[in-house]
Amino acid sequence: MNMDQLVQLNNQAGGRDKIARLIQYASRAMWDSLESANSSPALVDNFKTIEYILSTFRKLLRFGKCVDVFYGALKTIHHPDLNIRVTLTLSKLSQSLFLFADHFLWLARTGLTAVNAKRWSNIANKYWLFSIIMNLCRDFYEILRVLDLHRSGCKGGISRCRIPTSINSPEDFKRLALQSYVLMQGHKDIVVDTVKNVCDFFIPLTALGYTSLTPRTIGLLGAISSLAGLWALLEPRAKLTPA
């Protein structure tokens with residue numbers, strides 16, 4: 001990332017949010033790693049403070065965004081593809097409710113009003129989890145659609161274009177690797193979006209107690225997801241549309 005790209009990201013609200021998110025989750029991974037290594041408690045507390053400050057900053061940055069996301073859902077209900085229409089609309093509606101619940105968490109942190117933070121945190125994470133599940137369903141549909149198009153283009157007995165259904169020799173493995181690489185290069189948007197959603201999936205899942213990943217693992221997953229989001233902002237070909 002060069003200086004021009006950094007300035008470009010900083011000029012966008014979404015870019016600032018993703019940069020802050022990257023540092024936030026990287027800080028979580030750092031303090032857990034330092035804590036496991038019995039490092040200085042003061043250093044661990046510094047990284048915890050950075051994570052907390054950036055988390056609160058991002059909640060403020062997103063304040064009111066639930067309305068924009070809700071209106072975005074009103075546009076996707078007219079998409080001609082039924083699968084994309086359903087998954088994207090439900091994802092946006094759920095994301096809007098997640099952001100709305102997140103506002104109460106910000107109010108709880110600021111102390112402006114008495115709010116049951118744990119209750120609203122669970123509500124927010126449930127809506128976030130459902131939004132991610134819908135995004136993953138959409139990603140799976142896009143992957144199947146690409147594979148169908150690839151098979152259609154490979155009809156006519158062109159064996160080098162056919163993806164092996166089983167690996168029985170080193171040549172089959174090489175062919176599978178090559179075809180997979182070509183497909184991923186041609187559909188960066190689907191790859192980036194899938195990586196982002198798979199990483200994000202485990203964050204609310206752990207927050208709700210369905211899985212028990214360590215803060216270090218969650219931090220790494222969040223950092224990878226943030227990098228994928230930054231890539232989509234910097235390179236238009238890496239952004240899945242409609243979004």
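Colleague: Is P41 buried or exposed?
Modeller: This is a predicted model, in which local features need pLDDT of at least 70 and side-chain atom pairs count only at pLDDT 80 or more, whereas totals for chains, interfaces and linings use all residues. P41 is found in helix α3, where helices (H or I, at least four residues) and strands (E, at least two) are DSSP runs numbered from the N terminus. Buried means under 20% relative accessible area, exposed over 50%, and partly exposed in between, with a 1.4 Å probe and protein chains only. Because the relative accessible area of P41 is 60%, this residue counts as exposed.

Colleague: How far apart in space are P41 and W31, C-alpha to C-alpha?
Modeller: Residues are numbered from 1 along each chain as its sequence is written, and side-chain values use heavy atoms, with hydrogens and water left out. On that numbering P41 and W31 are ten residues apart in sequence, and their C-alpha separation in space is 9.4 Å.

Colleague: Which residue has a positive phi although it is not a glycine?
Modeller: The residue sits in the loop between α2 (13-36) and α3 (41-61), and its phi is about 55 degrees. Its relative accessibility is 69%, so it counts as exposed. The residue is N38.

Colleague: How many helices does the protein have?
Modeller: From the N terminus on, the elements run α-α-α-α-α-α-α-α-α. There are zero strands in the protein, and the number of helices is nine.

Colleague: What share of the residues in the protein is buried?
Modeller: The protein exposes about 14,000 Å², of which carbon and sulfur atoms supply 63%; accessible areas come from the Shrake-Rupley method with a 1.4 Å probe, and for residues only the protein chains shown count as cover. Among the 243 residues of the protein, the buried share is 36%.

Colleague: Do the buried residues of α4 line one face of the helix or fall all round it, and within what arc?
Modeller: The buried residues in α4 are C66, V69, G72, A73 and T76. Seen down the axis of α4, they line one face of the helix because they fall within a limited arc, which is that of the directions from the helix axis to the C-beta atoms. On the other side of α4, D68, Y71 and K75 are exposed, while what covers the buried residues includes α5. The buried residues therefore line one face, within an arc of 115 degrees.

Colleague: How far apart are the end C-alpha atoms of α4?
Modeller: The expected span of a helix is 1.5 Å times one less than its number of residues. For the twelve residues of α4 that gives 16 Å, which agrees with the separation in the model. The end C-alpha atoms are separated by 17 Å.

Colleague: Which residues have the most contacts inside the largest nonpolar core?
Modeller: A nonpolar core is a set of buried Ala, Val, Leu, Ile, Met, Phe, Trp, Tyr and Cys residues joined through side-chain atoms within 4.5 Å. The largest one has 13 residues, and those with the most contacts inside it are Y25, F98, L99, A124, W128 and I203.

Colleague: Which residues is Y25 in contact with, leaving aside its neighbours within four places in sequence?
Modeller: Contact means heavy atoms within 4.5 Å. Several partners of Y25, including I218, G219, G222, A223 and S226, are also among the buried residues of α9. With its neighbours within four places set aside, Y25 is in contact with W128, I203, I218, G219, G222, A223 and S226.

Colleague: Which side chain is joined to that of N135 by a polar contact?
Modeller: N135 is found in helix α6 and counts as buried because its relative accessibility is 18%. A polar contact is a pair of N or O atoms within 3.5 Å; within protein, one must be able to donate a hydrogen and the other to accept it, and residues adjacent in sequence count only if both atoms are side-chain atoms. The partner lies in helix α5 and has a second polar contact, of 3.1 Å, with the side chain of S131. At 2.7 Å, the side chain joined to that of N135 is the one of S91.

Colleague: Which peptide bond is cis?
Modeller: The bond has an omega near -5 degrees, and its proline lies in the segment after α9. The cis peptide bond is the one from T241 to P242.
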